[in-house]
Structures are given as C-alpha cells and as structure tokens.
Amino acid sequence: MTVHSGGSEKGKGLSEALPHYTGHRERARQRFIEIGGESLKDYELLELMLHIIIPQKDTKPLAKELLSRFGSFSEVLGAPRQRLAEIKGLGQTTITHIKVIQAVGQRYSRDQIVRDRPILGSWTQLIEYCRAQMAYESIEQFRILFLDKKNLLIADEVQQTGTVDHTPVYTREVIKRALELSATALILVHNHPSGDPQPSAADVRMTREIADIAQSMGITLHDHLVIGKSGHTSLRSLKLI
C-alpha cells in the first residue's frame, strides 16, 4: 500500500508541474494541421509562431497584445525593432527571430516571381510580393524591377530609402543601372508608409521623366506601382504614364 501511494503522489506531482498552457498549445497545433494556416485567425497564427520562438511561455496574451498595438499579422512582422522592443516580454533575441521569419516570408514571395516566365504574366504574385516587401515599412523605399527582352526578371533592387521627390537623382541612377544590367524594361515600385497608395504629383512627375528618358534609350517603363497598407495603385492603370 505504501508503494502504491508513493507512485500516485509522484504522478500527481508531474501533472501539476506541467504549464497550464500545454494542452492549449497542442490543441492549437492540431487545429493548424487539420484546417491549415489560411483558415486561422491572425492571433491564432501569431500565437503558433510565438510558440516556436518562446517555447517556455504562454504566448496567446502576447499575440493579442501585439495585434492590438500594430493592427495585423503583417504589421507585427513589419514593425520596427524599436517599437517591438516597447512590448513587455519581447527581448532582442525574440525580436530578431520575428525579423528572421519576416525575411523568410519575403524570400518566399520573391521566389514566386523569380522563375523562368515573364513577370507580366504573374502580375497578382508580383503585387503580393511588393506588398510583402514594402507595405508595412515605416520609411519609403524606391525599388526597381529590371527585366530583359522576354520580360524575365534580371534584378530587383532597392535604389533608395527615404522620400522619392528628388527626381533628377532618381532618373540618372535608374537609367544608369538599367544600362549596366542590359535591361530592356522596368517596373518602378515605392511604398507610402501613410498607408494611402494614391500617387503624389511628385510621383507622377518623376515617373514621366524616367519614362521619357528610358524610351529614348530603348527601355520600356511598364508601370510604376505605389504600395500602401490599404492596397496598391498602378500609374499605368490611371493613365498617368
């Protein structure tokens, strides 16, 4: 009887030692397996991601706090390091892991368009890629997609960060780089951190100047995309180029 009693107490002690969130964590993983990530709510997917980064902690409250602060899953990943550091429970190592996961997502999006097929034939994937790269950045990026004569992607480069109102500088650099890469077509892309993707007058002037000079060099400007949190705008679709 003594041996039996001791074994029961030992089992009880092990059970009590398990964190309260262990069962919930396993159920969350099982739910992901059964219905997939697309069907999960933002906080559920973020919670699962944080499980991997912080395995010793109940991450559901942290996931909800991050979403409350930043608004969406993508905005959490894209938040500046200094703002993430304001959240209690996020240290520099955890923040670095979040940024690694952001980079993985961006690389995956890029690889969907870097294939042996014309980039103009995968326009939806191009937009998704640009949104993943730029929509939630806190500063403006001006990037250029350089294409060959078959409209295959040669290079995707961030030309400048900051504002995009110094038109002469951008024009010279864009054309120079296009010639260096032997590109025959371009797609310009920049983001509006304000979230509103409507082009400014400066955006339109700069785009037309690049288009005119590019055309004189035998280079086609297919489009200029403005990316914002609320969507995107095509200057070509607006007949502004």
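This is a short talk on the fold, cores, salt bridges and surface of one chain.

What you have in front of you is a predicted model. The chain has 241 residues, and 41% of them are buried. Its secondary structure comes to 10 helices and 5 strands. Take the contacts with a separation of 6 or more: 60% of those join residues 24 or more positions apart. The chain exposes about 13400 Å², and carbon and sulfur atoms supply 53% of that area.

I'll start with the interior. The largest nonpolar core has 19 residues. Within this core, L46, M49, L50, L66, L84, L90 and I98 touch the most other members. Which helices supply at least two residues each? They are α3, residues 42–53, α4, residues 60–70, α5, residues 73–78, and α7, residues 92–113. Helix α4 gives the most, with 5 residues.

L84 gives a view of the packing. Leaving aside neighbours within four places in sequence, L84 contacts L66, F70, V76, A79, L90, I95, I98 and K99. Apart from this core lies another one, of 17 residues, and its members include Y170, L186, M206 and I210.

Now helix α3. This helix has 12 residues, and from first C-alpha to last it reaches 17 Å, close to the 16 Å expected at 1.5 Å a residue. Its buried residues are E44, L46, E47, L48, M49, L50, H51 and I53. Two of those, L46 and M49, were also in the list of core residues with the most contacts to other members.

E44 brings me to the salt bridges. Side chains of opposite charge can pair when their charged atoms come close. The count for this model is 6 salt bridges. In one of them the side chains of R31 and E44 meet, at 3.0 Å from N to O. R31 sits in helix α2, residues 22–35, and E44 in helix α3, so the pair ties together parts 13 residues apart in sequence. Are the two partners buried or exposed to some degree? R31 counts as partly exposed because its relative accessibility is 35%. E44, at 14%, counts as buried.

A second bridge joins the side chains of E86 and R69, with 3.2 Å from N to O. E86 is in the loop between α6, residues 81–84, and α7, while R69 is in helix α4, so this pair ties together parts 17 residues apart in sequence. R69 is partly exposed, with a relative accessible area of 37%.

The third bridge I want to show is E75 with K229, where the closest N and O atoms are 3.6 Å apart. This pair links distant parts of the chain, 154 residues apart: E75 is in helix α5, and K229 is in the loop between β4, residues 220–228, and β5, residues 231–234. K229 is partly exposed, at a relative accessible area of 35%. There is also a network of salt bridges that links E157, R177 and E180.

Next, helix α10, residues 201–216. How does its span compare with what its 16 residues should give? At 1.5 Å a residue they should span 22 Å, and the end C-alpha atoms are 23 Å apart, which agrees. Buried in α10 are A202, D203, V204, M206, T207, I210, A211 and A214. An α-helix has 3.6 residues a turn, so residues three or four places apart point the same way. M206 and I210, on that buried list, are among the members of the 17-residue core.

I213 is also in helix α10. At a relative accessible area of 34%, I213 is partly exposed. Together with L179 and M217, I213 makes a nonpolar surface patch of about 250 Å². Just after α10, G218 takes a positive phi of about 80 degrees.

The last stop is M134, in helix α8, residues 123–134. M134 counts as buried because its relative accessibility is 0%. What does M134 touch, not counting residues up to four places away in sequence? Its contacts are Q141, R143, V189, H190 and N191. M134 also lies 8.7 Å from P193, C-alpha to C-alpha, with their positions 59 residues apart in sequence.

To recap, there is a nonpolar core of 19 residues, another of 17, and a count of 6 salt bridges.

Terms used:
Residues are numbered from 1 along each chain as its sequence is written. This is a predicted model: local features need pLDDT of at least 70, side-chain atom pairs count only at pLDDT 80 or more; totals for chains, interfaces and linings use all residues. Side-chain values use heavy atoms; hydrogens and water are left out. Helices (H or I, at least four residues) and strands (E, at least two) are DSSP runs, numbered from the N terminus. Buried means under 20% relative accessible area, exposed over 50%, partly exposed in between (1.4 Å probe, protein chains only). Contact means heavy atoms within 4.5 Å. The expected span of a helix is 1.5 Å times one less than its number of residues. Accessible areas come from the Shrake-Rupley method with a 1.4 Å probe; for residues, only the protein chains shown count as cover. Patches are made of residues with over 30% relative accessible area and no salt bridge: like charges are joined within 9 Å, nonpolar side chains (Val, Leu, Ile, Met, Phe, Trp, Tyr) within 5 Å. A salt bridge is a side-chain nitrogen of Lys or Arg within 4 Å of a carboxyl oxygen of Asp or Glu. A nonpolar core is a set of buried Ala, Val, Leu, Ile, Met, Phe, Trp, Tyr and Cys residues joined through side-chain atoms within 4.5 Å.
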